[in-house]
Amino acid sequence: MSQSQIRNYVLRTLAPEDFATILPSIREVELGLKSPLETAYQPIQHVYFPETGIASVVATMFGRRQGEVGIVGHDGMTGVTVVLGQDRSPNDTYIQVAGNGWCLPVESLRALLASSQSFRESLLRYANAFLVQATRTAVVNGHSKIEERLARWLLMVHDRCEGNKIYLTHEFLATMLGARRPGVTTALQMLEYRGLVHAKRGEITIVDRVGLIKLTHGAYGEEEQRQFAGRLPDLSAIGHTLADR
């Protein structure tokens, strides 16, 4: 396995000596829909580096109310809690879009974190990026309209998917957005009416990405696209730089 052939950003950007060290312990895995990767308050046994597919990090409140606090695709990894020195998370992490990736035992991860400063710094950079994503999600969920939140979420999933089709149900979308299903359905219908997406049962097709970005009114911005530079449109060209907010 050549490091240059790896799609996962965290693995691909490791120092070559760190990648060589991790290689004997890592294995390729299928990431099936709804597969649990981390269970809240249970010891984390493995960390995952998706190549394709997307994992959701979901928080649960009293009354079983749920909301997504972060997503992980080929830009990152699960197990940020372990990178930060803990052995379990208060959140669940499971696959929302099926794919494949790499699995590493936590013991191997901890050993390399302890022995290699460059490896530790690489993973801490991603941990910081994930925390920025989670922070922005909290701000957007508190201040943006549901159609803006939905547009941002679809864009972030699109960043991490192959092609323009996203396979999700309205019920799943409601959980991810921490919203009621009828509200999500209405918001999705509005996006479709504007010609931004095409929706049918269990499937959403992105039709007008730039239009979706405009609809977010800055909720999808430079932090969301930072790890995808080169593929995504220049936000300054459509009036959504940080200076415009």
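Helices (H or I, at least four residues) and strands (E, at least two) are DSSP runs, numbered from the N terminus. The model is predicted: local features need pLDDT of at least 70, side-chain atom pairs count only at pLDDT 80 or more, and totals for chains, interfaces and linings use all residues. Residues are numbered from 1 along each chain as its sequence is written, and side-chain values use heavy atoms, with hydrogens and water left out.

**Exercise 1.** State how many helices and strands the protein chain has, and judge its compactness.

Solution. Step one: the protein chain holds 10 helices and 10 strands. Step two: its radius of gyration, taken over C-alpha atoms, is 18 Å, close to the 18 Å that the globule rule (2.2 Å times the number of residues to the power 0.38) gives for 245 residues, so the chain is as compact as a globular protein of that length. Step three: the C-alpha atoms fill a box of roughly 55 × 45 × 30 Å along the principal axes.

**Exercise 2.** Decide whether Thr 205 is buried or exposed, and place it in the chain.

Solution. Step one: Thr 205 lies in strand β10, residues 203-206. Step two: buried means under 20% relative accessible area, exposed over 50%, partly exposed in between (1.4 Å probe, protein chains only). Step three: Thr 205 has 14% relative accessibility and therefore counts as buried.

**Exercise 3.** Find the residues that Thr 205 touches.

Solution. Step one: leaving aside neighbours within four places in sequence, Thr 205 is in contact (heavy atoms within 4.5 Å) with Asn 164, Lys 165, Leu 196, Val 197 and His 198. Step two: the side chains of Thr 205 and Lys 165 make a polar contact at 3.2 Å. A polar contact is a pair of N or O atoms within 3.5 Å; within protein, one must be able to donate a hydrogen and the other to accept it, and residues adjacent in sequence count only if both atoms are side-chain atoms.
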